[in-house]
Amino acid sequence: MRTIGALIRKELGVYFVSPMAYIILTCLMLVFGLIFSSEAGDAADFGRPFSFGGLFWVTANLMVIVVPLVTMRLIAEEKNRGTIETLMTAPVTEFQVVLAKYVATLIFLLYLLLPTAAHAILVSKYGTLDVTETLTGYLGLFLISSSFLAIGLFVSSLCSSQVTAGVITLIVTFLLLLSSRFAPQITDRTPLGRTTRSVFEALDPFRYFGDFIRGIIDTRPLVYFLSLIVFFLFLSVRALEARRWR
């Protein structure tokens, strides 16, 4: 645990020394604040309760852009600088390296989302807030963002260029979001076609994200996001193990 803790502190130090962390936070808070102001105005004009659903949808879509910026340097930078060999010869396992880097990105994700809680506090103080719906919405936003982070970490483990890792992560997550839109184009007249269509529909993370926004916690969305995270973390570990034996 001490080794993992040291690696996590190292990764977080890199994030917060760089201006990138503060630029991302500023842009995210600016967009969130503008949408919050618009949604609050509409709720007041039409006399309806305020809902964070629209804000969660927009923020989840923004994570498609934010995640590549966060994850592109994780392992690709180590390879580019030649420090990956030093790291791999240290008394740490590939699993510890991957876990530490991933946990660091989750902490950074919480750092990005925590300031938005001020808006929820503001609504609860001056209006009516559906606490259950808001909490499940935040849980869904955290899970969908965490799955994107796992994908970005895996892509970074395959690349030696930060830019390449960032672009590929952006493409992969964007295609994942569009998977359900590809599904109607697939004919279901044959068993293979029906199976392929079902797979494409099942891959869309927003299909499951909607349940959290509506205040519903079901086992299927939880299994989907956790499986996606574990799968890509496993691939990241194997990618580092393959490098050790080259």
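Which helix does Leu-228 lie in? Select Leu-228: this residue lies in helix α13. Before going further, note that this is a predicted model, where local features need pLDDT of at least 70, side-chain atom pairs count only at pLDDT 80 or more, and totals for chains, interfaces and linings use all residues. Residues are numbered from 1 along each chain as its sequence is written, and side-chain values use heavy atoms, with hydrogens and water left out.

**Stop 1: the whole chain**

Show the cartoon. The chain has 13 helices and zero strands. Helices (H or I, at least four residues) and strands (E, at least two) are DSSP runs, numbered from the N terminus. Now colour by accessibility. Buried residues make up 46% of the 246 residues. Buried means under 20% relative accessible area, exposed over 50%, and partly exposed in between (1.4 Å probe, protein chains only). Next, contacts, meaning heavy atoms within 4.5 Å. Among those between residues at least 6 apart in sequence, 77% join residues at least 24 apart.

**Stop 2: Leu-228**

Return to Leu-228. Its relative accessible area is 12%, so Leu-228 is buried. Leaving out residues up to four places away in sequence, Leu-228 touches Ser-147, Ile-151 and Leu-176. Measure C-alpha to C-alpha from Leu-228 to Ser-147: 6.0 Å in space, against 81 residues in sequence.

**Stop 3: α3 against α8**

Two packed helices are described by the angle between their axes and the distance between the axes. Axes are lines fitted to C-alpha atoms, for helices over the stretch in contact, and angles run from 0 to 180 degrees between N-to-C directions. Select α3 (residues 53-71) and α8 (residues 131-158). The axes of α3 and α8 are 9 Å apart, at an angle of about 25 degrees. That makes α3 roughly parallel to α8. Angles under 35 degrees count as roughly parallel, over 145 as roughly antiparallel, 65 to 115 as roughly perpendicular, and the rest as oblique.

Show side chains. On α3, pick residues including Phe-56, Met-63 and Val-67; their helix meets α8 through residues including Tyr-138, Ile-144 and Phe-148. By class, this contact of α3 with α8 has 12 nonpolar, seven polar and no charged residues. Ala, Val, Leu, Ile, Met, Phe, Trp, Tyr, Cys and Pro count as nonpolar, Asp, Glu, Lys and Arg as charged, and the others, Gly among them, as polar.

**Stop 4: α6 against α8**

Keep α8 and add α6 (residues 94-113). The axes of α6 and α8 come within 10 Å and cross at roughly 140 degrees. The two helices are therefore oblique to each other. The contact involves residues of α6 including Lys-101, Tyr-102 and Leu-109, and residues of α8 including Phe-142, Ser-146 and Ala-150. By class, the contact of α6 with α8 has 12 nonpolar, four polar and one charged residues.

**Stop 5: aromatic pairs**

Select the aromatic rings. The whole structure has 10 aromatic pairs. Rings of Phe, Tyr and Trp (its six-membered ring) pair if their centres lie within 6.5 Å; planes under 30 degrees apart count as stacked, over 60 as edge-to-face and the rest as tilted.

Zoom to Phe-212 and Phe-225. Their ring centres are 6.3 Å apart and their planes at 45 degrees, so the pair is tilted. Phe-212 lies in α12 (residues 205-213) and Phe-225 in α13 (residues 219-244), so the pair ties together parts 13 residues apart in sequence. Phe-212 is buried, at 0% relative accessibility. Phe-225 is buried too, at 0%. Add Tyr-208 and Tyr-224: with Phe-212 and Phe-225 they form one aromatic cluster.

Finish at Phe-231 and Phe-232. The ring centres lie 5.2 Å apart with planes at 75 degrees, so this pair is edge-to-face. Phe-231 is partly exposed, at 45% relative accessibility, while Phe-232 is buried, at 13%.
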